[in-house]
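Visitor: I would like a close look at the charged side chains of this model and at how they pair, with attention to where each partner sits and how far it is covered. Please take one pair as the starting point and work outward from there.

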Amino acid sequence: MLLDYSREQLKEKIVGLGFPVFRANQLFDALQSAKKIKEITNLPKSLLEKIEDDYPSFEIIKKLSADDGTIKYVFKLNDGNTIESVLLHYKYGNTICVSTQVGCRMGCKFCASSLNGLIRNLSCGEILEQVLYVNKDQGGDTKKRAITNVVLMGMGEPLDNYENVSQFLKLVSNEDGINISQRNITLSTCGIVPYIYKLADDGFAVTLTISLHAVTDEKRKEFMPIAKTYKISEIIEACKYYFNKTKRRISFEYSLISGKNDSNKDADDLVKLLKGLPCHVNVIALNNVPERKLMGVPVNKAYAFVDRLVKGGLSATKRRTMGENIGGACGQLRASLKSEGE
Ligand code: SAH
């Protein structure tokens, strides 16, 4: 797919097809502007015919708006699978939450994304497409962006698709394209430890978010199968390494699950675990996923939990739940298979 290519790679391809370099530049700009192939007027038909099959045929098939202004986009991919992205409006700008896989194989017991397992990885261009298309839909272009921040918190586990995700990070933060600074990008992971080290070693400096949700390995194993592979202590070590390399404060996600991880002792243990680490804790109440048995907690309980963390000396806030009534909140994004139709 042509959005997988950097400008240099595209030049090679187009010159290889027998066209001059400036045609590659025109094509690159059309791709970055999320133009449909039919909307390209400055390229010869002979070239368009040659690249047609490789041109993104991404389509927004549904757009759902929530009362709080959050918009969930459902996209159809070239192969008929669908993915979801969410646009969130904040005071400081517009954030897009992108998916990195169709489905997910991490199997977290509270999340809708893994209900059908992993269907496939998204290519770097397919992750980028979500940003470019929503930017265009919101009236932006590559120079005047309508999107200021990107979070890799949609469907999928970004570090389970490292090659494509790291290439995406390069493309999306490239001056040549939409140029969203890595400071404005957040990558969230359930904690695939070796790739946290790799991300730091490869020179990335995005904000790293760890989906923690429990303070002991035993408890974490109850709802996050990845906890059987990597211990919390190993994740914390990797976070320290990431911080030392990047100087970026680490974020932790902590979704409160009724009766499971929401006690005063849990809060106090969380303080002990994270104290001294340059980090911030985002607390939310678990969002409802009908197929899942686990329940969230009332808002006042979430505030009390945050209070206890803050009194203990942590930087912590309760995150607003956005887009819940359109199935667009954390953990509610899901794939629909091509066989299921729409
Ligand atoms: N796989 C990555 C990226 C997904 S980000 C990760 O695990 O971090 C989505 C975030 O929402 C994660 O923190 C995830 O643990 C959390 N989440 C999943 N289901 C949820 C639910 N039902 N309610 C609240 N948060 C949920």
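Guide: The side chains of Asp262 and Lys301 meet in a salt bridge, with 3.6 Å from N to O. This pair links distant parts of the chain, since Asp262 lies in the loop between E10 and helix H9 (264-274) while Lys301 belongs to helix H10 (residues 299-311), the two being 39 residues apart. The coordinates come from a predicted model, and every value quoted here should be read with that in mind. The two partners can be described by their cover: Asp262 has a relative accessibility of 11% and is therefore counted as buried, the cut-off being under 20%, whereas Lys301, at 37%, counts as partly exposed.

Helix H9, which follows the loop of Asp262, holds a salt bridge of its own, in which Asp269 pairs with Lys265 and the closest N and O atoms are 2.8 Å apart. Here both residues lie in helix H9, 4 residues apart, or about one turn of the helix. Asp269 is buried, with a relative accessible area of 18%, and Lys265 is exposed, with a relative accessible area of 56%.

A comparable arrangement within one helix is found in H8, where Lys240 forms a salt bridge with Glu237 and the closest N and O atoms are 3.6 Å apart. Because Lys240 and Glu237 are 3 residues apart in helix H8, about one helical turn separates them. In this case Lys240 is partly exposed, at 37% relative accessible area, and Glu237 is likewise partly exposed, at 44%.

In general terms, side chains of opposite charge can pair when their charged atoms come close. For the model as a whole, the count comes to 21 salt bridges. Some of the pairing goes beyond two partners, as Arg7, Asp29 and Asp176 are linked in a network of salt bridges.

Strand E10 (residues 250-256) is the place of Glu253. The side chain of Glu253 makes a polar contact with the side chain of Arg319, at 3.2 Å, and Glu253 itself is buried, with a relative accessible area of 6%.

Charged side chains without a salt bridge deserve a separate word. Lys109, Lys221, Lys228 and Lys231 form a positive surface patch. One of these, Lys228, is found in the loop between helix H7 (217-223) and helix H8 (232-246). With a relative accessible area of 61%, Lys228 is over the 50% cut-off and so counts as exposed.

Two details of the backbone complete the picture. Most residues other than glycine have a negative phi. His213, in the loop between strand E9 (207-211) and H7, nevertheless has a positive phi, near 65°, and at 5% relative accessibility His213 counts as buried. Asn179 also has a positive phi, of about 55°, although it is not a glycine. The place of Asn179 is the loop between helix H5 (162-172) and strand E8 (185-189), and at 31% relative accessibility Asn179 counts as partly exposed.

Terms used: Residues numbered from 1 in each chain as written. Predicted model: local features only at pLDDT ≥ 70, side-chain atom pairs only at ≥ 80, totals over all residues. Heavy atoms only, no water. Patch = residues over 30% accessible without salt bridge, like charges linked within 9 Å, V, L, I, M, F, W, Y side chains within 5 Å. Areas by Shrake-Rupley, 256 points an atom, 1.4 Å probe, with all protein chains shown as cover. Salt bridge = Lys/Arg side-chain N within 4 Å of Asp/Glu carboxyl O. Lys, Arg positive; Asp, Glu negative; His and termini not counted. Charge placed at Lys NZ, Arg CZ, Asp CG, Glu CD. Buried < 20%, exposed > 50% of the residue type's maximum accessible area, 1.4 Å probe, protein only. Polar contact = N/O pair within 3.5 Å; in protein donor to acceptor, adjacent residues only side chain to side chain.
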